[in-house]
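Subject: Handing over the structure

Dear colleague,

I am passing on to you the structure that I have been going through, and I would ask you to open it before you read the rest. My notes come after it.

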Amino acid sequence: MTIHVGIDVGGTFTDAVAVSSAGSVRGKALSTADVTGGIFGALEVLQQRLGMSNDEFFAQVDRFVLGNTIVTNAIDQLKFAKVGLLTTRGFKDTLRIARSARGEERDPHDLAPYPSVVERRHTAEISERVDAQGTQVVPVDLTEVKEALADLVENQGIEAIAVCFLWSFRNSAHEKAVGDLIRSSYPDLPFTLSSELTPVYREYERMVTTVLDAAVKPLVADHFEHLEQRLCEAGLRVAPQIMQVHGGFLSVRETSRAPINMFNSGPVGGVAGARLLGKRIGRERILTADMGGTSLDAAAIIDGELRILPRAQIGEFPTSLTAVDIESIGAGGGSLGWVDERGLLRVGPHSAGSRPGPVCYGRGGTEPTTTDAALVMGLINPDYYLGGTMSLDAELTKQEMARLAEPLDLSVEAAAHGMYRLATHQMANAVRKITINRGHDPREFTMVNFGGAMGLFAASVAQEVGLEEIVVPANAAVFSAWGLMHADAVYTEVRTAPWTFDQPAEQLEAAFNDLEAGAGAWFESEGIPEDSRELIREADMKFAGQIFEVTSRFPNQPITEVLKEHLRTQFVRDYEAEFGTGTAWTESEILLINCRIRALGKSDTAGLGGNDVVTIPQETSQYQREIINPADGKPITVTVYRGFAAAREASGPCILEEIDTTVFVPEGTTASMNDKGDVIVSLPSTRHDRRA
């Protein structure tokens, strides 16, 4: 028997899924500070449900895909290695100047700069210069580099080095010479060259990306060494595959070269799974809402395609990474409720994590979380959490909620309802950001909701945004882990190659051919079969005079004069899809800035039943329970369906109670279950006939 395993490490729980020809199982375990402990805890649950010993299980694992939070947590919390920066003389303050020191809302009074990743005293200026055409103007002074490295490493305790020289993406010789010097002088010192990681223009974004990658390299190296050792000792025979920010996975070897690409790797697995689910249920426009322990991650799938950003936001930092467009906010099951200095109730972004976790877990938590609020409202059954394998302390939760409610002059139930509504508003705003703010009508989308807690909030969020349909997958609680197994191996390489449509195509074709050669070498090194390979050409283009670009897909064929006109038309279409009909400045010259190759090694788990949902047998029953209505905060009595498969259809208000997730169905909506076990909730239409 062959087993495929997908694991998603979250802030509170580590989720695991195993699929094989004999069936599928899923499991959860509390995450641990060292990450590895939570992974093995979830694997033990899989082994128990498969009825296998540790040796039997690992002997049959043929694929092991991991979505990891180590890079995400390090950047979000600004806890990483002490990094030094080598940059061109005169550009020491690029990170501090940034693109103006304004906050996200462009508030003129909010002038705080971006968080500092490199202290100014840890930045060394190097005498070297290459011009915009890539011609050497000042040769790199390697003696100066050697002295700077000695000071940074031996005197200031630097643990990693980032190298980002001006115009190095046009001529990388200086950076490569510095890289060779670092290898010979400090063989064990991790370093990142911007010309290897992200050879594209925009000095600030390129420098941020390079510095963040160098800063997390020591953490990732230690983590992978420990994880691989534990997995090897356990008997794993295959190399782990790591999910990347661009929507596919790479080997540990490739990931270690550029660990910054692990950012948001878990949530990306959920988006990949939602794409597959959309194909299964016949929906091409999907919003994903993944509520974990620490955050809510939202993304859009349009016409069956993941939305890919050429300049991803990593935490608080704008970067030059190519990434799946995911909007993350601090609204998870462990998000803390608190009272601000104005005496107003707030929720998040801080989280209780897995330790101490929500108050109801009884692990030392004293600050109420959104999970605690749902428990107080009666939305969660304290005796059936995780199918009754984990009991919740309802009385302790009410006591701590009372402490939060007292300064607000609210009852315990009203405070809990207030937390629920605030979290709902925050999640609705995240959905608006990836739809309305991107030029899309949210009412045209189906929202796929996953994460163990999202079913409690999904319908309320949908009602606030105006959605007409939501889907809670049968394996919602471990959906990201399930999606990881269906992701493709993906290799992405980008290069700045300025080009206009009146220039010969040979120059651009040569740039694409060079990138494709690198992709071909990657295919061979990863052992990807010929019939599983796919190459995608893309380009970042803009109208002359504009600042930022829009990405268009190119046909994978030589660029001819006829194809030029097709590409011009395609760019206008993509531009207006982003900014609205009629917004394209068709009289303007079109500038191509970056060309990009995405190489895909197609994944196929269908033969193992990998496209089937992962179900857990459970008892079925129904009973009445009093809850606080999320809509208005008033007490109501609802029917609770435990094991909804027995009912198949129900009208709200009601609660669907599964082993590892709970779904609230509001009044005026209907819930039904398809043959795969997915719950589809239909909401009243908010559309209006404009002719009326």
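Below I describe the model as a whole, then its cores, and then some individual residues.

Please bear in mind throughout that this is a predicted model. The mean pLDDT of the protein is 87, and 94% of its residues reach 70 or more. Confidence is highest in strand E10 (residues 191-193), at a mean of 97, and lowest in strand E16 (residues 308-309), where the mean is 78. The stretch that calls for caution is residues 105-110, over which the pLDDT is below 50, and which has five contacts in the model beyond near neighbours in sequence.

As for the overall build, the protein has 17 helices and 35 strands. Its radius of gyration is 26 Å, close to the 26 Å that the globule rule gives for 692 residues, so the protein is as compact as a globular protein of that length. Taken along the principal axes, the C-alpha atoms fill a box of roughly 80 × 65 × 60 Å. Buried residues make up 58% of the 692 residues, while the accessible surface comes to about 28,000 Å², of which 48% belongs to carbon and sulfur atoms. If one takes the contacts with a separation of 6 or more, 68% of them are between residues 24 or more positions apart.

In soluble globular proteins, nonpolar side chains tend to be buried together. In this model the largest nonpolar core has 134 residues, and within this core Leu 296 and Met 427 touch the most other members. Helix H13 (residues 412-434) supplies the largest share of the core, with eleven residues. Apart from this core lies another, of 61 residues, with Ile 3, Ala 16, Ala 29 and Phe 80 among them. Going back to Leu 296, and leaving aside residues up to four places away in sequence, its contacts include Met 427, Ala 430 and Met 454, and also Ala 289, Met 291, Ile 329 and Ala 331. Asp 290, Glu 327 and Ser 328 are touched by Leu 296 as well.

Turning to the cysteines, the structure holds zero disulfides. Two of the cysteines may be set side by side: Cys 232 has a relative accessible area of 55%, over the 50% cut-off, and is therefore exposed, whereas Cys 360, at 1%, is under the 20% cut-off and is therefore buried.

The backbone has some features that you may wish to look at one by one. Most residues other than glycine have a negative phi, and most peptide bonds are trans. The peptide bond from Gly 348 to Pro 349, however, is cis, with omega near 0 degrees, and Pro 349 lies in strand E22 (residues 345-351). Another cis peptide bond joins Gly 652 and Pro 653, with omega about 5 degrees, and here the proline, Pro 653, is in the loop between strand E31 (649-651) and strand E32 (654-657).

Where do the residues with a positive phi lie? Arg 202, which is not a glycine, has a positive phi of about 85 degrees, and it lies in the loop between helix H7 (194-197) and helix H8 (203-234). Asp 409, also a residue other than glycine, has a phi near 55 degrees, and is found in the loop between helix H12 (394-405) and H13. Arg 202 is buried, with a relative accessible area of 10%, while Asp 409, at 70% relative accessibility, counts as exposed.

Finally, there are two residues whose surroundings I looked at. Leu 336 is found in strand E21 (residues 335-339) and, at 11% relative accessibility, counts as buried. Leu 336 and Arg 346 are ten residues apart in sequence and 8.2 Å apart in space, C-alpha to C-alpha. Besides Arg 346, the contacts of Leu 336 include Val 347, Gly 348 and His 350, as well as Glu 367, Pro 368 and Thr 369. Gly 348, touched by Leu 336, is the glycine that precedes the cis bond to Pro 349.

Thr 143, in turn, is found in helix H5 (residues 142-155) and counts as exposed, at 54% relative accessibility. From Thr 143 to Leu 181 the separation is 38 residues in sequence and 10.0 Å in space, C-alpha to C-alpha.

With best regards

Technical notes
Residues numbered from 1 in each chain as written. Heavy atoms only, no water. Core = buried A, V, L, I, M, F, W, Y, C linked by side-chain atoms within 4.5 Å. Buried < 20%, exposed > 50% of the residue type's maximum accessible area, 1.4 Å probe, protein only. Helix = DSSP H or I, 4+ residues; strand = E, 2+ residues; numbered from the N terminus. Contact = heavy atoms within 4.5 Å. pLDDT = per-residue confidence, 0-100. Rg over C-alpha atoms; globule rule 2.2 N^0.38 Å. Areas by Shrake-Rupley, 256 points an atom, 1.4 Å probe, with all protein chains shown as cover. Disulfide = S-S within 2.5 Å.
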